Amino acid sequence: MHNTSSFWSGKTVLVTGATGFLGGWLMRRLLEYGAQVVALVRSHKPNSQFFLESFDDSPSVTVYWGDVSDQALIEQIFDDYPIDVLFHTAYGADVHRVLEEPLECFRSSAISTWQILDFLRQHHPNCISVISSTDKVYGRQPTPYLEDSPLQPLHPYEVAKTSQDHAAQSYGKMFQLPVAVTRCGNYFGGYDFNFTRLIPGVVQSIMQGNTPALRSNGRFTRDFLYIEDAVEAQLLLAQRLSEDETLYGEAFNFSYGEHVEVLDIVKQVCRLLDVPVEVVVNQNSATEIPNMELSCKKARQYLDWHPSYNFTTGLERTVSWYREHFSDLSEKNQRNYDWLRRTVA
């Protein structure tokens, strides 16, 4: 395996979407590894790892406020700092938000990627770029998904990410830019405060003494990746781009390769929190893909990637983090919850 931590010491790294779930964890790991980080922040999100952990106060962090699709701002950042690596993680997957503002999703994901890569082509062709796509680009087709499977987007988020994905492949292969794409399973872990997502939503419902409610009938399957493994995959891919030109423009799947039923996840969370298994199921999930599973053979073969966790250990760490977080929150607010006494005891 590559010595990832030493590679990052002294590097100057730009992270877009630094207040997001993945962006926050990338910030944490890059700082641990001794990088100088330039963070692009669109808006103040106090309930994010970035601000909760005061990354903005670190002497190793410089914050720029603005939108990733603001080309003048991107050019200003590169004028001010010698960026070695770019991680484009801006705009996460919230299906309801995307349906309300599909053009904003396309602008933040697709248009920004085309603009940034063309700017790098003309002015900073040696800057390494890792573009965060998604497993949703595969759409509805037989599993497991392979990187050379056709991309079949339908939902506006899938379409935006597919365009972003294709742009990175094009600039990597046609212009020999050191850029590659990550297509990951569903991220989960601490500091995810998007409670519309499955795992944080289920944990929150249970810990508040409520019965979890699912959008689907519970029989949908998903492939997952614990957030700390996701971060290491991003870092490893960037490092390998610095070593191997044949990786330029390539896309890589990262996940545990396990298609887990939604109902099974609820049951596991209930067991970890020591509560009876109860769930309300619905049938209002027409926009969601029923079954998803990724093949990660390519990442293992070309990157020598191996996750440090699996779904079960990642879920245990995640539930433990939420339990501690809600406990700390309760103490700070000096409030007494029956559900908290039950789950923390």
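**Exercise 1. Helix 4 against helix 6**

Work out which residues of helix 4 meet which residues of helix 6, and describe how the two helices cross.

*Solution.* In this predicted model, the helix 4 side of the contact consists of Gln-71, Ile-74, Glu-75 and Phe-78, and these meet Gln-115, Ile-116, Phe-119 and Leu-120 of helix 6. Sorted by class, the contact has 5 nonpolar, 2 polar and 1 charged residues. The next step is the geometry, since two packed helices are described by the angle between their axes and the distance between the axes. Here the axes of helix 4 (residues 71-80) and helix 6 come within 10 Å and cross at roughly 40 degrees, and helix 4 is therefore oblique to helix 6. As to its hand, the crossing of helix 4 and helix 6 is right-handed.

**Exercise 2. The salt bridges of Glu-104**

Identify the side chains that meet Glu-104 in salt bridges, beginning with Arg-42 and continuing with Arg-107, and state for each pair how the partners are placed along the chain.

*Solution.* Begin with the principle that side chains of opposite charge can pair when their charged atoms come close. Glu-104 and Arg-42 form a salt bridge with an N to O distance of 2.8 Å. This pair links distant parts of the chain, with Glu-104 in helix 6 (residues 102-123) and Arg-42, 62 residues apart from it, in the loop between strand 2 (36-41) and helix 3. For the salt bridge between Glu-104 and Arg-107, the N to O distance is 2.3 Å. Both of these residues lie in helix 6, 3 residues apart, which is about one turn of the helix. That spacing can be read against a general rule: an α-helix has 3.6 residues a turn, so residues three or four places apart point the same way.

Now consider accessibility, for which the cut-off for buried is under 20% relative accessible area. Glu-104, at 12% relative accessibility, counts as buried, whereas Arg-42, at 47%, counts as partly exposed, and Arg-107, at 29%, is likewise partly exposed.

**Exercise 3. Arg-28 and Glu-53**

Explain why the salt bridge between Arg-28 and Glu-53 ties together separate parts of the chain.

*Solution.* The side chains of Arg-28 and Glu-53 meet in a salt bridge at 3.8 Å, N to O. Arg-28 belongs to helix 2 (residues 21-32) and Glu-53 to the loop between helix 3 (49-52) and strand 3 (61-65), so the pair joins parts that are 25 residues apart in sequence. Glu-53 is partly exposed, with a relative accessible area of 35%. Over the whole structure, there are 18 salt bridges.

**Exercise 4. Val-260 and helix 10**

Decide whether Val-260 is buried or exposed, and trace its contacts.

*Solution.* Val-260 is placed in strand 11 (residues 260-261), and at 10% relative accessibility Val-260 counts as buried. Leaving aside residues up to four places away in sequence, Val-260 touches Phe-220, Thr-221, Arg-222, Phe-224, Ile-265, Gln-268 and Phe-311. One of these partners, Phe-224, is 36 residues apart from Val-260 in sequence, with 8.2 Å between their C-alpha atoms. Two further partners, Ile-265 and Gln-268, are among the buried residues of helix 10 (residues 262-272), which also include Val-262, Leu-263, Val-266, Val-269 and Cys-270. Just after helix 10, Asp-274 takes a positive phi of about 60 degrees.

Definitions and conventions
Residues numbered from 1 in each chain as written. Predicted model: local features only at pLDDT ≥ 70, side-chain atom pairs only at ≥ 80, totals over all residues. Heavy atoms only, no water. Salt bridge = Lys/Arg side-chain N within 4 Å of Asp/Glu carboxyl O. Helix = DSSP H or I, 4+ residues; strand = E, 2+ residues; numbered from the N terminus. Buried < 20%, exposed > 50% of the residue type's maximum accessible area, 1.4 Å probe, protein only. Axes fitted to C-alpha atoms, helices over the stretch in contact; angles between N-to-C directions. Parallel < 35°, antiparallel > 145°, perpendicular 65-115°, else oblique. Left-handed = near helix turned anticlockwise from the far one by under 90°. Contact = heavy atoms within 4.5 Å. Nonpolar A, V, L, I, M, F, W, Y, C, P; charged D, E, K, R; others polar.
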